[in-house]
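User: Please take a close look at one part of this model, the loop that holds a cis peptide bond, and then set it beside some other features of the chain.

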Amino acid sequence: MRRFSSVTILGLILGYAFLYIPILTVIAFSFNESKLVTTWSQFSLKWYVSLWSNEGLLSSILTSFEIAAMSATIAVILGTLSALAMVRFGKFKGRTLFSGLISAPLIMPDIMTGLAMLMLFVATEQLIRWPSHRGIMTITIAHITLATAYVYLVVKARLTDFDASLEEAALDLGARPLKVFMIITLPLIAPSLVSGWLLSFALSLDDLVIASFLSGPGATTLPMLI
């Protein structure tokens, strides 16, 4: 059994304290009646009462969750299909270009991604009259583009270590490829799909820069409002 030294344990405690004590402090002072964060007056729930009566804030929260849920779900589907293509199909024409296009959002600054997507939507609006306005749909498309890259990396890492003999055995026993994928492949890579979905959801929920470029009337997300 591996043993940790006292120095390692102390460093671990200090690291977690550095990360979580500020968060716990903010939570504690959210129950402070005073508006000053440096002065504790008395315990109160009035700020939470004010929160639930703030229609603009609640609307932005619902908008953020709607965008995050849609973008995370679609990103998981596209990222999984992309990972399957890269891992299972071997070398194919355009493989390098395809891999570069998927991974590009990972290394591009958010401001560049937001500006590029804005220019794209402006150009398509002039050419084919779509999208007619910028709002939830345009933000969702941009977040899907960003999140797909993260899901792709997570799922690809799982598929690389995947024991392909399980699928081969099922195929030899007469199972169809679709059934093999649904019964064997999908359950085994499910943890990576859940991880990719949660990561995509968090990225979308936290985004400010890209949403600022692509938002419109009625599409104010929580980070933008804050």
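Analyst: What follows starts with the loop and then turns to a helix pair and a surface patch. The model is a predicted one.

The loop in question runs between α5 (110-128) and α6 (136-160), and Pro 131 is found there. The peptide bond that joins Trp 130 and Pro 131 is cis, with an omega of about -5°. Arg 129 lies in the loop between α5 and α6 as well. Its phi is near 60°, which is a positive value in a residue other than glycine. Arg 129 has a relative accessible area of 68%, so this residue is exposed, because the cut-off for exposed is over 50%.

Next comes the helix pair. Helix α3 (residues 55-88) packs with helix α8 (residues 177-206) at an angle of about 135°, and the two axes are 8 Å apart. That angle makes α3 oblique to α8. The crossing in which α3 passes α8 is right-handed. Within helix α8 lies Val 194. Val 194 has 47% relative accessibility and therefore counts as partly exposed. Along the chain, Val 194 and Thr 73 are 121 residues apart, while their C-alpha atoms are separated by 10.0 Å.

Last is the surface patch. This nonpolar patch covers about 890 Å², and the residues that make it include Leu 12, Phe 18, Tyr 20 and Ile 27. Tyr 20 has its place in helix α1 (residues 6-29). With 45% relative accessibility, Tyr 20 counts as partly exposed.

How values were computed:
Residues numbered from 1 in each chain as written. Predicted model: local features only at pLDDT ≥ 70, side-chain atom pairs only at ≥ 80, totals over all residues. Heavy atoms only, no water. Patch = residues over 30% accessible without salt bridge, like charges linked within 9 Å, V, L, I, M, F, W, Y side chains within 5 Å. Areas by Shrake-Rupley, 256 points an atom, 1.4 Å probe, with all protein chains shown as cover. Salt bridge = Lys/Arg side-chain N within 4 Å of Asp/Glu carboxyl O. Helix = DSSP H or I, 4+ residues; strand = E, 2+ residues; numbered from the N terminus. Buried < 20%, exposed > 50% of the residue type's maximum accessible area, 1.4 Å probe, protein only. Axes fitted to C-alpha atoms, helices over the stretch in contact; angles between N-to-C directions. Parallel < 35°, antiparallel > 145°, perpendicular 65-115°, else oblique. Left-handed = near helix turned anticlockwise from the far one by under 90°.
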